[in-house]
Amino acid sequence: MFPYQKEGTLKDGSRVILRPLVKEDRDKLLDFFRRVDDRDLMFLRNDVRDPATIDDWVNHIDYSKVFPLVAEADGKIVGDATLHMRKVGWKRHLGNVRIVIAKDYQNKGLGTLMINELIDLAAEFGLEKLVAEVHLLATPALNLFKKAGFAAKAVFEDLVKDQSGQRGDLVVMVCEVLARERRGL
Amino acid sequence: MRLALISDIHSNIQALEQVMAALRRERVDQVLNLGDVVGYNANPNECLELILEWKVLSLAGNHDLALLDPDRARRFNLIAYQAIVWSREQVRPEFQEYLQTLPLVLEGPGYLACHGTPTSTDHYISYHFQGKAVFNTLRALRQQVCFFGHTHRRALWYRDVRGKVATLPVSPEKIRLEPSWHYLINPGSVGQPRDGNPDAAYAIFDDEEFSIHFKSVPYDIAAAQRCILKAGLPDFLAERLVQGI
């Protein structure tokens, strides 16, 4: 069922399984997004609580375009991080990273574990830089990416809007993939 | 002495056979393997057999060490991890014993050889600050040339007499090296090149004329891909071979 997987340990000693998303994860992924806070989903481009969105995702998995990494604990998805790639064009050496962590798994080191895994995979895929877009007020996310080796490169004032229409500043963060001393290549 | 430099074979027997066939015509005195015989591709035993048959002077790479140590393997990314777990199940006990004997660093006449850097099999020489640090190590050891692998990309770094550190373009012609400069030389990867050229890469170092010649040979990529897919390894490992990434 799962092409491959790896175990990771969180700060509290609990274990999670890291693996790519597979078609059979449809119900687990839908359940995950329904448990996540609204604020944690506002940066996503799709309505991930709509079963049609998840159906579309799991039925069109192409790991060479989007590598969806999930973290699973006790049979439930507790984290979803995606690496978006382009095969051609002037951004073909770049990857974009997005991450959503279940509320009860935040501040346990799961975000760091998943971002580190995605950076290592990015190196494996031949990417040179990773880009993350974060709301200026999303301090935990800013800290997570900074800790993983991302640096803020630009701030766009009043660029994004939350569900209520409130405007916010967007921080663009970049990670030099091979500048990090990582293992496994 | 004419030294053939090979690195990062990664269980690709189709590529290794073509490189060895090319080396038969090169009149080399010694073949030096800069590590990572195993991992990623599907024929580790065949590659180890050929390495031993040719009496290749070999170093340990991070994948060779991870095959022997599950804790190291767990620090690999998902794809590399899957491949090394598979390799561990395949590699014959006598070859595992052989891998345990491989040194991390090797000093020869006028050169130092390592997999990643002289101080770590895991670290890279990709950026200027990394190259500069290795030149400092090299000078402290009173060596002039360091051969390294790990990045799967051919590279030629120099440090001139004034201390300037930079890279030179890797050309297909033989490159004469400056007698008073220091060099870091990466021959590229035999079994999984990542510099856009999918051919199996190697290099010939001649210490008498002080030159380096980067070379590559085509091989049956489709056969290597079939082996990967048949072994149930991640599809990406097959796809990347044809793209040289």
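**Pockets**

I started with the largest pocket, which comes out at about 1200 Å³ in volume. This is a predicted model, so I read everything here as computed. I counted 39 lining residues, and the ones closest to the pocket centre are A:F43, A:I99, A:V134, A:A138 and A:A141.

Which elements of chain A each supply at least two residues of that lining? I got β5 (94–101), α3 (110–124), β6 (129–135), α4 (139–147) and β7 (151–161). The largest share is from α4(A), with 7 residues. By class I have 19 nonpolar, 9 polar and 11 charged residues in the lining of the largest pocket.

Next I looked at the second largest pocket, about 480 Å³ in volume. It has 19 lining residues, and those closest to the centre come from both chains: A:R92, A:F125, A:G126, B:Q243 and B:I245. Helix α9 of chain B (residues 235–243) gives the most to this lining, with 3 residues. The class split for the second largest pocket is 6 nonpolar, 6 polar and 7 charged.

**The A–B interface**

I then went to the contact between the chains. How many residues does each chain put into it? Chain B puts in 29 residues and chain A 24. Together the two chains bury about 2300 Å², with 54% of that on carbon and sulfur atoms. On the chain B side, I noted that B:N77, B:L78 and B:Y124 supply 30% of the area buried against chain A, more than any other three residues.

For charges across the interface, the rule finds 2 salt bridges. One I wrote down is B:R240 with A:E124, where the closest N and O atoms are 2.7 Å apart. I also logged 8 residue pairs in polar contact between chain B and chain A, counting pairs with both residues at pLDDT 80 or more.

I asked which elements give two or more residues to the side of chain B that touches chain A. They are α3 (62–68), α5 (78–90), α7 (128–140) and α9, all of chain B. Of these, α5(B) gives the most, with 5 residues. That side of chain B has 12 nonpolar, 9 polar and 8 charged residues. I note that α9 of chain B turns up in this list, and that helix α9 of chain B also gives the most to the lining of the second largest pocket.

**Salt bridges overall**

Searching the whole structure, I found 22 salt bridges over all chains. Within chain A I picked out A:K129 with A:E176, whose closest N and O atoms are 2.6 Å apart. Why did I bother with this pair? A:K129 is in strand β6 of chain A and A:E176 is in strand β8 (residues 167–176) of chain A, so the bridge ties together parts that are 47 residues apart in sequence.

**A:D169**

Last entry: A:D169, which I located in strand β8 of chain A. Leaving out residues up to four places away in sequence, I listed what A:D169 touches: A:V134, A:H135, A:L136, A:V155, A:F156, A:E157, A:D158 and A:V160. A:V134 in that list is also among the residues closest to the centre of the largest pocket. For A:D158 I have a polar detail too: its backbone nitrogen lies 2.8 Å from a polar atom of the A:D169 side chain. I also checked A:D169 against A:Y4, 165 residues apart along the chain, and their C-alpha atoms are separated by 38 Å.

Methods: Residues are numbered from 1 along each chain as its sequence is written. Chains are lettered from A and ligands numbered from 1 in the order in which they are written. This is a predicted model: local features need pLDDT of at least 70, side-chain atom pairs count only at pLDDT 80 or more; totals for chains, interfaces and linings use all residues. Side-chain values use heavy atoms; hydrogens and water are left out. On a 1 Å grid over the protein atoms alone, a cavity is a set of points where a 1.4 Å probe fits but cannot get out, and a pocket is an open set with protein on both sides within 12 Å along at least five of seven lines; lining residues have an atom within 4 Å of a point. Grid points are joined across faces, edges and corners, and a volume is the space filled by probe spheres set on the points. Helices (H or I, at least four residues) and strands (E, at least two) are DSSP runs, numbered from the N terminus. Ala, Val, Leu, Ile, Met, Phe, Trp, Tyr, Cys and Pro count as nonpolar, Asp, Glu, Lys and Arg as charged, and the others, Gly among them, as polar. Contact means heavy atoms within 4.5 Å. Buried area is the accessible area (1.4 Å probe) that two parts lose on being put together, summed over both. A salt bridge is a side-chain nitrogen of Lys or Arg within 4 Å of a carboxyl oxygen of Asp or Glu. A polar contact is a pair of N or O atoms within 3.5 Å; within protein, one must be able to donate a hydrogen and the other to accept it, and residues adjacent in sequence count only if both atoms are side-chain atoms.
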